[in-house]
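The following exercises are meant to be worked through with the sequence and the coordinates side by side. Each task is followed by a solution that proceeds step by step.

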Amino acid sequence: MKIILPDETGRKMDYHLIGTPVPRSVLPANPARIVYSAAHVVADPFTDNAPSGRATIDWKKTLEFRRYLVGMGLGIAEAMDTAQRGMGLDWPGALDLIRRTKAELPDAMVVNGAGTDHLDPKDARSVDQVLAAYLEQVEAIQKVGARVILMASRALVRVASSAEDYKRVYREVLSACDEPVVLHWLGKDFDPALAGYWGTDDFSEALETVLSIIEENVSKVDGIKISLLDKEKEIIMRRRLPKGVRMYTGDDFNYPELIAGDEQGYSHALLGIFDPIAPLAARGVKLLGEGNVKGFHDALDPTVPLARVIFQAPTQYYKTGVVFLAWLNGFQDHFVMLNGAQSMRSLQHFTEIFRLADGCGLLRNPDLAVHRMKSLLTMYGA
């Protein structure tokens with residue numbers, strides 16, 4: 001099968017598809033690694049709301065995609081960055097999403113983002129105000145009967161004056177949690193507003209703050225996801241975590257190596273890239289559990305170039321590539337996103353994702369993918 005794709009100069013070149021669609025795999029009940037996919041949401045393209053206004057979600061397609069992930073044995077990280085949290089999806093919309101996912105998949109393995117995004121950082125005046133915002137969201141999520149992942153707070157960055165402010169906030173929020181939660185250390189590559197989180201730009205100093213928070217509240221911490229796109233920093237922290245506290249990799253550049261681990265340990269996974277590459281994530285971790293380390297790497301290593309393109313700088317726009325592949329693969333009928341985010345990447349970016357996804361066997365219906373890619377090219381005049 002062939003499609004004509006433009007290069008970065010607009011010159012048209014023949015591209016022959018080479019991939020074979022990946023067959024469906026299902027993780028066993030007790031997989032070798034705990035695997036969460038941070039899942040995207042599907043926008044409703046027929047709403048009267050402007051992209052800059054309140055988000056309107058196609059609930060049918062959004063929940064269908066979550067059933068697809070759970071059907072392969074993957075967990076879901078709900079209402080997180082991949083769902084455009086804070087970049088189109090506000091707190092009322094996030095809580096609605098959390099409620100609907102819980103009702104649709106009551107027995108699924110789901111962790112849900114609690115943050116402070118209903119408090120505009122510009123309006124934050126005190127640490128107490130941020131603490132109250134965190135507690136409000138935690139209470140609402142727990143009222144649904146759902147588990148919590150504690151997201152980083154833009155407002156806390158604005159008002160905290162020292163590491164002690166972070167320790168106090170996390171101590172009080174964790175004390176209000178009914179069961180152990182996942183902490184989330186989101187780097188500035190994903191959200192520039194989080195630069196200086198934990199009270200410093202120095203990793204070593206920030207690490208000591210986070211570890212002290214975990215050690216002080218160890219009974220309330222299931223694990224921590226770090227999204228710093230630096231495997232060495234993750235490994236350093238992983239080796240220092242208290243016994244029983246899990247490391248969940250959020251490194252969308254180096255996940256195969258980190259999940260496979262070394263002689264001193266390994267990372268579980270909570271990844272945005274596991275939305276578009278879910279079939280290979282399930283296949284790879286299943287093979288790892290069977291002792292087939294080579295098979296694990298054969299499944300996941302070829303996806304790294306694709307991930308690095310999707311998550312290239314400015315990294316916060318990676319959601320555009322995730323939704324683009326969902327559209328190519330028929331999980332939604334349009335390429336429209338909350339906040340108009342489909343416009344945040346170039347045509348060259350989309351053509352490269354198309355090629356790399358094909359090479360990994362991630363175009364599950366090549367005929368449909370080619371048809372939809374051609375319609376995108378037509379819109380661009382190509």
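**Exercise 1. Describe the surroundings of T62 in this predicted model, starting from its contacts.**

Solution. Leaving aside neighbours within four places in sequence, T62 is in contact with V41, V42, I57 and L97. The next step is to place the residue, and T62 is found in helix α1. Its relative accessible area is 0%, and since buried means under 20%, T62 counts as buried. Finally, one of the contacting residues also offers a polar partner, for the backbone nitrogen of V42 lies 2.9 Å from a polar atom of the T62 side chain.

**Exercise 2. Find the salt-bridge partner of R66 and state which parts of the chain the pair ties together.**

Solution. Side chains of opposite charge can pair when their charged atoms come close. R66 forms a salt bridge with E78, and the closest N and O atoms of the two are 2.6 Å apart. Because R66 lies in helix α1 (residues 59-71) and E78 in strand β4 (residues 75-78), the pair ties together parts that are twelve residues apart in sequence. As to accessibility, both R66 and E78 are buried. For context, the structure holds 27 salt bridges, and K60, K61 and E64 are linked in a network of such bridges.

**Exercise 3. Analyse the salt bridges of D191 with R154 and of R246 with D222, giving for each residue its accessibility.**

Solution. Begin with D191 and R154, whose closest N and O atoms are 2.7 Å apart in the salt bridge. D191 lies in the loop between β7 (181-186) and α6 (203-216), and R154 in helix α4 (residues 154-159), so the pair ties together parts that are 37 residues apart in sequence. D191 is buried, with a relative accessible area of 10%, whereas R154 is partly exposed, with a relative accessible area of 31%.

Turn next to R246 and D222, whose side chains meet in a salt bridge at 2.3 Å, N to O. This pair links distant parts of the chain, with R246 in strand β9 (residues 246-249) and D222 in strand β8 (residues 221-227), 24 residues apart. R246 is partly exposed at a relative accessible area of 30%, while D222, at 11% relative accessibility, counts as buried.

**Exercise 4. Determine how helices α13 and α14 are oriented towards each other, and which residues meet between them.**

Solution. Helix α13 (residues 347-359) packs with helix α14 (residues 366-379) at an angle of about 170 degrees, and their axes are 11 Å apart. Because angles over 145 degrees count as roughly antiparallel, α13 and α14 are roughly antiparallel to each other. On the α13 side, L347, F350, T351 and F354 take part, and they meet A369, V370, M373, L376 and L377 in α14. Sorted by class, this contact has eight nonpolar residues, one polar residue and no charged residues.

**Exercise 5. Locate H118 and identify the residue joined to its side chain by a polar contact.**

Solution. H118 is placed in the loop between β5 (110-114) and α3 (127-143), and at 32% relative accessibility H118 counts as partly exposed. Not counting residues up to four places away in sequence, H118 touches W91, A133, E136 and Q137. Among these, E136 is the residue sought, as a polar contact of 3.2 Å joins the side chains of H118 and E136. The C-alpha atoms of H118 and E136 are separated by 9.7 Å, the two residues being 18 apart along the chain.

Methods. Residues are numbered from 1 along each chain as its sequence is written. This is a predicted model: local features need pLDDT of at least 70, side-chain atom pairs count only at pLDDT 80 or more; totals for chains, interfaces and linings use all residues. Side-chain values use heavy atoms; hydrogens and water are left out. A salt bridge is a side-chain nitrogen of Lys or Arg within 4 Å of a carboxyl oxygen of Asp or Glu. Helices (H or I, at least four residues) and strands (E, at least two) are DSSP runs, numbered from the N terminus. Buried means under 20% relative accessible area, exposed over 50%, partly exposed in between (1.4 Å probe, protein chains only). Axes are lines fitted to C-alpha atoms, for helices over the stretch in contact, and angles run from 0 to 180 degrees between N-to-C directions. Angles under 35 degrees count as roughly parallel, over 145 as roughly antiparallel, 65 to 115 as roughly perpendicular and the rest as oblique. Contact means heavy atoms within 4.5 Å. Ala, Val, Leu, Ile, Met, Phe, Trp, Tyr, Cys and Pro count as nonpolar, Asp, Glu, Lys and Arg as charged, and the others, Gly among them, as polar. A polar contact is a pair of N or O atoms within 3.5 Å; within protein, one must be able to donate a hydrogen and the other to accept it, and residues adjacent in sequence count only if both atoms are side-chain atoms.
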